[in-house]
Amino acid sequence: MKNWIWLALMLPSAVLAQDIGRPATTGAPRIPETHSVEQADARLAQLGKDRAEVEAEFSASEQLCYEKFFVNACIDKAKEQRRLRLAELRSVEVEANYFKRRNAVEVRDRELADRAQKDAAEAAYNADHPRPVKPNPELKAAPKPAAVSVQQRQAQHDARERARAAQEAAAAPERAANAAAFERKKAESEKRQAQVKAKLAEKEEKKRSAAEAQKAAAAKAEAAAKAEAAKKP
């Protein structure tokens, strides 16, 4: 794995260009093609370890640069090496993801094609072998009612009259009880009204008697006053 990554250090940075949808082809480093989803998953899982290794090597190189005379030039070279190696790992990631997306599309297309083929075969079979139409039991003609004779109609009428008479006879006690209760309530109401009228008449009579007694007392007092006045010289 390290030898393969270090090979990328010999390539110019321009060859690391790639697009998001699929791995770059023109001028890009040659990435081993992925041939299965399992292989793509394994490469994607390994990328995390490889990136951590690149960062660790860069940190070690950076520490060594501080011991050299041309520190900045050394650090710049280490950074460029890290950039190229990360770009190479990015190319691996893009290629693996592109394979998984392409494989998913191919699987879906095959499933749709298989489904369409099965549907077409089923439709052709149904066209060649139509199913027999089952009769709907609800659509059966209802049997015609039997003819009713005059004697039967008369018997039915008599039965209805007997049932009505029995119903009226059964309800007669209840109707009588309701009528008696109505009359009783009516009599009680009339009695209460008569009592109220009697009380009112009694009150009016008392008022009238009191008024007449008061009037008589006033007249008597007035006559006494006149008689007393007549006795004075």
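Biologist: Which residues does Val37 touch, not counting residues up to four places away in sequence?

Modeller: The model is predicted. In it, Val37 lies in helix H2. With residues up to four places away in sequence left out, Val37 touches Phe99, Lys100 and Asn103.

Biologist: Is Val37 buried, partly exposed or exposed?

Modeller: The relative accessibility of Val37 is 26%. Buried would require under 20%, and exposed over 50%. Val37 therefore counts as partly exposed.

Biologist: How far apart are the C-alpha atoms of Val37 and Ala104?

Modeller: Along the chain, Val37 and Ala104 are 67 residues apart. In space, their C-alpha atoms are separated by 9.4 Å.

Biologist: What helices and strands does the protein have, and in what pattern along the sequence?

Modeller: The protein has four helices and zero strands. Read along the sequence, the pattern is α-α-α-α.

Biologist: What share of the contacts with a separation of 6 or more comes from residues 24 or more positions apart?

Modeller: The protein has 233 residues, of which 14% count as buried. Among contacts with a separation of 6 or more, residues 24 or more positions apart account for 78%.

Biologist: Where is the kink in H2 centred?

Modeller: H2 covers residues 37-65, and its 29 residues reach 42 Å from first C-alpha to last, close to the 42 Å expected. The helix nevertheless has a kink of about 30 degrees. That kink is centred on Leu47.

Biologist: Against which helix do the buried residues of H2 pack?

Modeller: The buried residues of H2 are Ala40, Arg43, Leu47, Asp50, Val54, Phe58 and Cys65. An α-helix has 3.6 residues a turn, so residues three or four places apart point the same way. The buried residues of H2 pack against helix H3 (71-128).

Biologist: Which cysteines form a disulfide?

Modeller: A search of the whole structure finds one disulfide. Its sulfur atoms are 1.9 Å apart, against a cut-off of 2.5 Å. The cysteines are Cys65 and Cys74.

Biologist: What is the handedness of the link of Cys65 and Cys74?

Modeller: Both ends of the link are buried, Cys65 as well as Cys74. The angle about the S-S bond is -65 degrees. The link is left-handed.

Biologist: How does the span of H4 compare with the expected value, and how far apart are its end C-alpha atoms?

Modeller: H4 has 82 residues, which at 1.5 Å a residue should span 122 Å. The distance between its end C-alpha atoms agrees with that, at 117 Å.

Biologist: At which residue does H4 bend by about 35 degrees, and which proline follows?

Modeller: The bend of about 35 degrees in H4 is at Ala172. A proline follows within four residues, and this is Pro173.

Biologist: Why are Asp119 and Arg115 separated by about one helical turn?

Modeller: The side chains of Asp119 and Arg115 meet in a salt bridge, 3.3 Å from N to O. Asp119 is partly exposed, with a relative accessible area of 33%. The separation is about one helical turn because the two are four residues apart in helix H3.

Biologist: Which residue forms a salt bridge with Glu222?

Modeller: Glu222 is partly exposed, with a relative accessible area of 47%. Its partner is four residues away in helix H4 (residues 150-231), and is exposed at 55%. The closest N and O atoms are 3.8 Å apart, and the partner is Lys226.

Biologist: Which residues do salt bridges that share partners join into one network?

Modeller: The structure holds 15 salt bridges. Those that share partners make one network of Arg51, Arg90 and Glu93.

Biologist: How far apart are the closest N and O atoms in the salt bridge of Arg108 with Asp109?

Modeller: Arg108 counts as partly exposed at 46% relative accessibility, and Asp109 counts as partly exposed at 39%. The cut-off for a salt bridge is 4 Å. The closest N and O atoms of this pair are 3.7 Å apart.

Biologist: Is the aromatic pair of Phe69 and Phe70 stacked, tilted or edge-to-face?

Modeller: The count comes to one aromatic pair. Phe69 and Phe70 form an aromatic pair at 4.9 Å centre to centre, with 90 degrees between the planes, and both residues are exposed. Planes over 60 degrees apart count as edge-to-face, so the pair is edge-to-face.

Terms used:
Residues are numbered from 1 along each chain as its sequence is written. This is a predicted model: local features need pLDDT of at least 70, side-chain atom pairs count only at pLDDT 80 or more; totals for chains, interfaces and linings use all residues. Side-chain values use heavy atoms; hydrogens and water are left out. The expected span of a helix is 1.5 Å times one less than its number of residues. The bend at a residue is the angle between axes fitted to the seven residues ending there and the seven starting there. Buried means under 20% relative accessible area, exposed over 50%, partly exposed in between (1.4 Å probe, protein chains only). Contact means heavy atoms within 4.5 Å. Rings of Phe, Tyr and Trp (its six-membered ring) pair if their centres lie within 6.5 Å; planes under 30 degrees apart count as stacked, over 60 as edge-to-face and the rest as tilted.
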